[in-house]
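Student: I am new to this protein. Could you walk me through it with short questions and answers?

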Amino acid sequence: MIPNELIAYYESLVKEQGSSSSEDEANEHLRAYVVELKDAWEKRAILRELRFRAGMAVCSGGVDCVETPTTVCMDGRHPTCSKHTDDCFLCVPVSSLSQMTR
Ligand SMILES: [Zn+2]
Ligand SMILES: [Zn+2]
């Protein structure tokens, strides 16, 4: 059971990072920037995982995609956001797997 407060907490963290635009810093800040990026990536992945466990629909196009799914993938089986319809990770591995075993 995932409390909605936890999801809301991560949603607010992800939103904060999305709006910050102090990325045009000099090279000495690049390291910190990379750490920040990784941190942001992890938070999106966590938010996605929490939504999934709470039974909410998550986009199947990227492990860090936190867009609300509004459509389905090309195969029509998995919810994805509008950006990831061609990019469903639940479909692509299966088709390449069956090619390998044939
Ligand atoms: Zn997506
Ligand atoms: Zn799919």
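The turns below go from the overall layout to single residues.

Student: What pattern does the protein follow along the sequence?
Tutor: This is a predicted model. Its secondary structure comes to three helices and two strands. Read along the sequence, the order is α-α-β-β-α.

Student: Which element has the lowest mean pLDDT?
Tutor: For the protein, the mean pLDDT is 84, and 77% of the residues reach 70 or more. Among the elements, E1 has the highest mean, 96. Where pLDDT is low, the predicted coordinates should not be read in detail. The lowest mean, 65, belongs to helix H3 (residues 92-101).

Student: Why does the end-to-end distance of helix H2 agree with its length?
Tutor: Helix H2 covers residues 30-53, which is 24 residues. At 1.5 Å a residue, the expected span is therefore 34 Å. The C-alpha atoms at its ends agree with that, being separated by 34 Å.

Student: Which residues of H2 are buried?
Tutor: Buried residues make up 15% of the 102 residues in the protein. In H2 they include two arginines, Arg44 and Arg48. The full set is Arg44, Leu47, Arg48 and Leu50.

Student: Which residues make up the largest nonpolar core?
Tutor: In soluble globular proteins, nonpolar side chains tend to be buried together. Here the largest nonpolar core has six residues. They are Leu47, Leu50, Val58, Cys59, Cys65 and Val66.

Student: Which residues does leucine 50 touch, beyond those up to four places away in sequence?
Tutor: Leucine 50 is one of the buried residues of H2. Leucine 50 is also part of the largest nonpolar core. Its contacts, leaving out residues up to four places away, are Ile2, Leu6, Ile7 and Tyr10.

Student: How far apart are the C-alpha atoms of proline 3 and alanine 54?
Tutor: Proline 3 lies in the segment before helix H1 (4-19). With 10 other C-beta atoms within 10 Å, and 12 or fewer needed, proline 3 is therefore exposed. Along the chain, proline 3 and alanine 54 are 51 residues apart. In space, their C-alpha atoms are separated by 8.1 Å.

Student: What phi does glycine 55 take?
Tutor: Glycine 55 comes just after H2. Its phi is positive, about 85°.

Student: Is proline 69 exposed, partly exposed or buried, and why?
Tutor: Proline 69 sits in the loop between H2 and strand E1 (71-72). Its touching residues, not counting those up to four places away, are Ala57, Val58, Cys59, Pro79, Thr80 and Cys81. A residue needs 20 or more other C-beta atoms within 10 Å to be buried. Proline 69 has 19, so the answer is partly exposed.

Student: How far apart in space are alanine 57 and proline 79, C-alpha to C-alpha?
Tutor: Alanine 57 lies in the loop between H2 and E1. Alanine 57 counts as partly exposed because it has 13 C-beta neighbours inside 10 Å. Not counting residues up to four places away, alanine 57 touches Pro69 and Pro79. Alanine 57 and proline 79 are 22 residues apart in sequence, and their separation in space is 6.9 Å.

Student: Is aspartate 86 buried or exposed, and why?
Tutor: Aspartate 86 lies in the loop between strand E2 (79-80) and H3. Cysteine 73 is 13 residues from aspartate 86 in sequence and 6.3 Å from it in space, C-alpha to C-alpha. Aspartate 86 has 11 other C-beta atoms within 10 Å, so it is exposed.

Key
Residues numbered from 1 in each chain as written. Chains lettered and ligands numbered in written order. Predicted model: local features only at pLDDT ≥ 70, side-chain atom pairs only at ≥ 80, totals over all residues. Core = buried A, V, L, I, M, F, W, Y, C linked by C-beta atoms within 7 Å. Contact = placed C-beta atoms within 7 Å. Helix = DSSP H or I, 4+ residues; strand = E, 2+ residues; numbered from the N terminus. Expected span 1.5 Å × (residues − 1). pLDDT = per-residue confidence, 0-100.
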